[in-house]
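Q: Got a minute to go through this one with me? I'd like to start with ring contacts and then jump around a bit.
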Amino acid sequence: MKPSNNIWIRRQQCPCGDWKCYIKYEGDDQTSANSQLVKSETSSSSLASEVVFTPYVGQIFKSDDEAFEYYSNFARKNGFSIRKARSTESQNLGIYRRDFVCYRSGFNQPRKKANVEHPRDRKSVRCGCDAKLYLTKEIVDGVTQWYVSQFSNVHNHELLEDDQVRLLPAYRKIQEADQERILLLSKAGFPVNRIVRVLETEKGVQPGQLPFIEKDVRNFVRTCKKTVQENDALLTEKRENDSLELLETCKALSERDPDFVYDFTMDPNDKVENIAWSYGNSVHAYSVFGDVVTFDTTYRSITYGLLLGVWFGIDNHGKAIFFGCVLLQDETSQSFAWALQTFVRFMRGRRPQTILTDIDSGLRDAITSELPNTKHVICLWHILSKLSSWFSLPLGPQYMEFKSQFDILCRLESIEDFEHQWHHLVAQFGLGSDKHIGLLFSYRASWPFSCIRGYFLARMMTSEYSKSLDMFFKRILSAQTCLQAFFEQVGVAASWANQTRENMQYMHIKTCMPIEEHAQSILTPYAFNVLQHEIVLSMQYATREMANGSYLVRHYKTVDGGCLVIWMPEEEQIHCSCKEFEHSGLLCRHSLRLLVVKNYFQLPDKYFPLRWRKESSLITMDDHNTQSNSDERSQAFHSLAATLLTESLVSKERFNYVHKELTGLLDHVRNMPVVDEVSLNMAPNNVDES
């Protein structure tokens, strides 16, 4: 425990409510666990794996610690361990001699036996071994160094094999990653012997092959429990004081900034219990992009025991935007209900169309009661991150096959196909009585693609959006000294998230189709890039009119399948069975193909939702002429570059000349000073496209 720092970790309780579940941190899978194992063990044994030469008299080291590490690695390679013996100190030089000896050096002095009926008579491992390495310090030209003054590698005992020497106390180390795992399993109620079995299974080693033994785990757990008990009073006082300071900070900010909003609750002992806040620019952003909200509750503070909840949206450039933040004392449905009530009040009573969360029964109940008309979606990546911890132990070597089939199951388009394949999967792997399978099935209306394909998610399930969330959390979850510092960091990160300019530049035309040019003039580069991809792919699809006036649209290489598209010309409405427009707000390749067949040169205005238009950007961009000029410059440059490429490929001599000149030109441009913004608004002059 580190009471001086506020350290955030991922929530560890299983969504089924049982602390005794075998749970990993979210985001971990078997591959990442193995890579972490390799990383932690490599760092500790890198020197051991190298060739360590026999020390010799006169060998020089920069420090006595370096010499000890060198001798220790040599000892392990040769079947023994070492310990530090005496050191000699002088007033002028300080410690100027260090003695390192074999762990069996010397003899144990007889101890006075305790006054008990049956005292333990432990046999000593010391046998007077004379193996040693003595160091002496000297100063040469003002530089301190240590040299080996005596060395002996003669032992009077048997040296151990590698599988035995690793069990010597000097080499039984519990790495930091294993310490966290042990503490988590101990808190979940696992006995020490079962903790050892779990670690062996995780690491894929045979019983007894861990770099530590059961006794080491038991001692570590006992020491940590004692430390926790000693720090409980200190942490309680720190939590109360910091919560009051955070509340005072919120009050002071609300007096300076009338757009800042916050709320809190007190427990029966008049202590701050829950607190939530948001900013004026976040409320404004919600008014534009509040149709879909992610409520992330995956982090908890070790220091304060507080659950962190953050509301995010997605803007028209595909970036995560901050809506609000809450700190909760517990994970009950009552606490979540208060958080949702407060958030809706902050956002002036407007409820989201869809909310994405982690899998949590208390949160699901709160959403059902507080947001009855809001579609609830469980983020698929949260479920996939838990599969290893839930099923790798019970399934063993079958787990990878199960995971592969589960991935396919998640993406089936038909609800009937999903339920049929689900029952087949459960029966195949014998998981009918597994509580996690039951948990997932009870949530099936909220996570499989077949069930949520008609929910509007505004592309919140993409990996790019997930990376935006991770970037935000990295900004705010550094080890803060107090809640007030955390609050300030949230404010900085929220301002950054809500005011970042879109860096994507002009997207050039790929097909020269009129609908593509029309979409380019309306959509942001992010949204246009997505739609443009669908336009390009639409050219690979064929349409066939059905008897009822609908159309079957499928890829030219396929004979079966396809999507059913319904076109109502009177209302200019189009509906595709893939439901991509309902899901993302951007038309699919099937609908686009039919519109082209129907000789549409511009998409109906209703298929350009306001949230994906350039005009919806939170940052006030320069006037329309500036954007137009930017587009003209980009078009002129692309044309010139295309012509230059064509001409340079005529001969090798031309290509080498163009390459050389362009390289020099690029270096020259990079070294040019940044000019005034006004000059960037000037249209290009004297551009010859011939």
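The chat below covers aromatic pairs, charges over rings, a hairpin and a surface patch.

Q: What kind of model is this?
A: It is a predicted model.

Q: OK, rings. How many aromatic pairs does the structure hold?
A: There are 35 aromatic pairs. Take Phe260 and Tyr279: their ring centres are 5.5 Å apart and their planes meet at 55 degrees, so this pair is tilted.

Q: Where do Phe260 and Tyr279 lie?
A: Both lie in loops. Phe260 is in the loop between α6 (214–256) and β7 (261–266). Tyr279 is in the loop between β8 (272–278) and α7 (280–289). The pair therefore ties together parts that are 19 residues apart in sequence.

Q: Are Phe260 and Tyr279 buried or exposed?
A: Buried, both Phe260 and Tyr279.

Q: Got another pair? How are the rings of Tyr526 and Trp612 arranged?
A: Their centres are 5.9 Å apart with the planes at 40 degrees, so that pair is tilted. It links distant parts of the chain, 86 residues apart. Tyr526 sits in helix α18 (residues 525–538). Trp612 is in the loop between α20 (589–597) and α21 (624–648).

Q: And why do Tyr526 and Trp612 count as they do for burial?
A: The cut-off for buried is under 20% relative accessible area. Tyr526 has 13% relative accessibility, so it counts as buried. Trp612 has 0%, so it is buried too.

Q: Back to Phe260. Which aromatic cluster is it part of?
A: One that includes Phe260, Tyr262, Phe264, Trp277 and Tyr279. Tyr299, Phe312, Phe322, Phe472, Phe473 and Phe487 also belong to that cluster.

Q: Now charges. Which ring does Arg76 lie over?
A: Tyr171. Arg76 lies over its face, at 5.0 Å from the ring centre. Elsewhere, the charged end of Arg350 sits over the ring of Tyr286, 5.7 Å from the centre.

Q: New topic, strands. How do β3 and β4 run?
A: Antiparallel. Seven bridges join β3 (residues 82–90) to β4 (residues 94–102). The two form a hairpin, with three residues between them. Glu89 has Ile95 in β4 as its bridge partner.

Q: Last one, the surface. Which residues make the nonpolar patch?
A: Leu644, Leu662, Leu665, Val669 and Met672, giving about 420 Å². Helix α22 (residues 652–670) supplies the largest share, three residues.

Q: Where is Val669?
A: In helix α22. Val669 has a relative accessible area of 45%, so it is partly exposed.

Note on methods:
Residues are numbered from 1 along each chain as its sequence is written. This is a predicted model: local features need pLDDT of at least 70, side-chain atom pairs count only at pLDDT 80 or more; totals for chains, interfaces and linings use all residues. Side-chain values use heavy atoms; hydrogens and water are left out. Rings of Phe, Tyr and Trp (its six-membered ring) pair if their centres lie within 6.5 Å; planes under 30 degrees apart count as stacked, over 60 as edge-to-face and the rest as tilted. Helices (H or I, at least four residues) and strands (E, at least two) are DSSP runs, numbered from the N terminus. Buried means under 20% relative accessible area, exposed over 50%, partly exposed in between (1.4 Å probe, protein chains only). A charge sits over a ring if NZ of Lys or CZ of Arg is within 6 Å of the ring centre and within 35 degrees of the ring normal. Two strands pair if DSSP finds at least two bridges between them. Patches are made of residues with over 30% relative accessible area and no salt bridge: like charges are joined within 9 Å, nonpolar side chains (Val, Leu, Ile, Met, Phe, Trp, Tyr) within 5 Å. Accessible areas come from the Shrake-Rupley method with a 1.4 Å probe; for residues, only the protein chains shown count as cover. A salt bridge is a side-chain nitrogen of Lys or Arg within 4 Å of a carboxyl oxygen of Asp or Glu.
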